[in-house]
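Here are some notes to read alongside the model, written for someone meeting it for the first time. Take the points in order, and keep the structure open as you go.

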Amino acid sequence: MNEIKGICCEAKNCVYHDKSDCCTAGHITVGKSNATTTSETACQTFKCCDGCECK
């Protein structure tokens, strides 16, 4: 898969994470819509990869 230019990702358990800490999803969705700080946001596109700790 191709990376999304400019999107860095440290979620190593995500199926879209690559070894260079880039996101390879076709698009991303970031939520929550009522967030007022960065700590209240999260990637809604995250999917746990096979064999990862989150499964």
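1. A word on terms before we start: a residue is called buried when its relative accessible area is under 20%, exposed when it is over 50%, and partly exposed in between. Lys-12 has 53% relative accessibility, so this lysine counts as exposed. Please also keep in mind that this is a predicted model.

2. Now the overall picture. The chain has 55 residues, and 22% of them are buried. Its C-alpha trace spans about 35 × 25 × 15 Å along the principal axes. The secondary structure consists of two strands and zero helices. About 4300 Å² of surface is accessible, and carbon and sulfur atoms account for 51% of that. Of the contacts between residues at least 6 apart in sequence, 26% link residues at least 24 apart.

3. What about charge? You will find 6 positive and 7 negative side chains in the chain, with 5 Å between the centres of the two sets.

4. Let us return to Lys-12, which sits in the segment before E1. Beyond its neighbours within four places in sequence, Lys-12 is in contact with His-17, Asp-21, Cys-49 and Cys-52. His-27 is 15 residues from Lys-12 along the chain, and the C-alpha atoms of the two are separated by 18 Å.

5. How many disulfides does the structure hold? There are two, and counting bonded cysteines along the chain gives the pattern 1-4, 2-3. One of them pairs Cys-48 with Cys-54, with the sulfur atoms 1.8 Å apart. This link is right-handed, with 100° about the S-S bond. Cys-54 has a relative accessible area of 39%, so it counts as partly exposed.

6. Another disulfide joins Cys-49 to Cys-52, with an S to S distance of 1.8 Å. Both of these cysteines are buried, and both appear among the contacts of Lys-12. By comparison, Cys-8 is in no disulfide: its nearest cysteine sulfur belongs to Cys-22 and is 5.8 Å away. Cys-8 is exposed, because its relative accessible area is 70%.

7. Why does Cys-14 form no bond with Cys-9? The sulfur of Cys-9 is the closest cysteine sulfur to that of Cys-14, but the two are 5.6 Å apart, which is too far for a bond; a disulfide needs the sulfur atoms within 2.5 Å. Cys-14 has a relative accessible area of 7%, so it is buried.

8. Those two cysteines turn up again in the largest nonpolar core, whose five residues are Cys-9, Cys-14, Tyr-16, Cys-23 and Ala-25. In soluble globular proteins, nonpolar side chains tend to be buried together. Leaving out residues up to four places away in sequence, Cys-23 touches Asn-2, Glu-3, Ile-4, Ile-7, Cys-9, Tyr-16 and Ile-28.

9. Ile-7, one of those partners of Cys-23, is found in the segment before strand E1 (30-31). Is Ile-7 buried, exposed or partly exposed? Its relative accessible area is 27%, so it is partly exposed. Apart from residues up to four places away in sequence, Ile-7 touches Asp-21, Cys-22, Cys-23 and Ile-28. Ile-7 and Thr-24 are 17 residues apart in sequence, with 9.0 Å from C-alpha to C-alpha.

10. Thr-45 is worth a visit too, in the segment after strand E2 (42-43). Its relative accessibility is 14%, so Thr-45 counts as buried. Its contacts, not counting residues up to four places away in sequence, are Tyr-16, Ala-25, His-27, Ile-28 and Thr-29. Tyr-16 and Ala-25 are also members of the largest nonpolar core.

11. Finally, two backbone details to look at. Most residues other than glycine have a negative phi, and most peptide bonds are trans. Asp-21 is not a glycine, yet it has a positive phi of about 60°. Asp-21 lies in the segment before E1 and, at 27% relative accessibility, counts as partly exposed. The peptide bond that joins Gly-31 and Lys-32 is cis, with omega about 10°. Lys-32 is placed in the loop between E1 and E2.

Technical notes:
Residues numbered from 1 in each chain as written. Predicted model: local features only at pLDDT ≥ 70, side-chain atom pairs only at ≥ 80, totals over all residues. Heavy atoms only, no water. Helix = DSSP H or I, 4+ residues; strand = E, 2+ residues; numbered from the N terminus. Buried < 20%, exposed > 50% of the residue type's maximum accessible area, 1.4 Å probe, protein only. Contact = heavy atoms within 4.5 Å. Areas by Shrake-Rupley, 256 points an atom, 1.4 Å probe, with all protein chains shown as cover. Lys, Arg positive; Asp, Glu negative; His and termini not counted. Charge placed at Lys NZ, Arg CZ, Asp CG, Glu CD. Core = buried A, V, L, I, M, F, W, Y, C linked by side-chain atoms within 4.5 Å.
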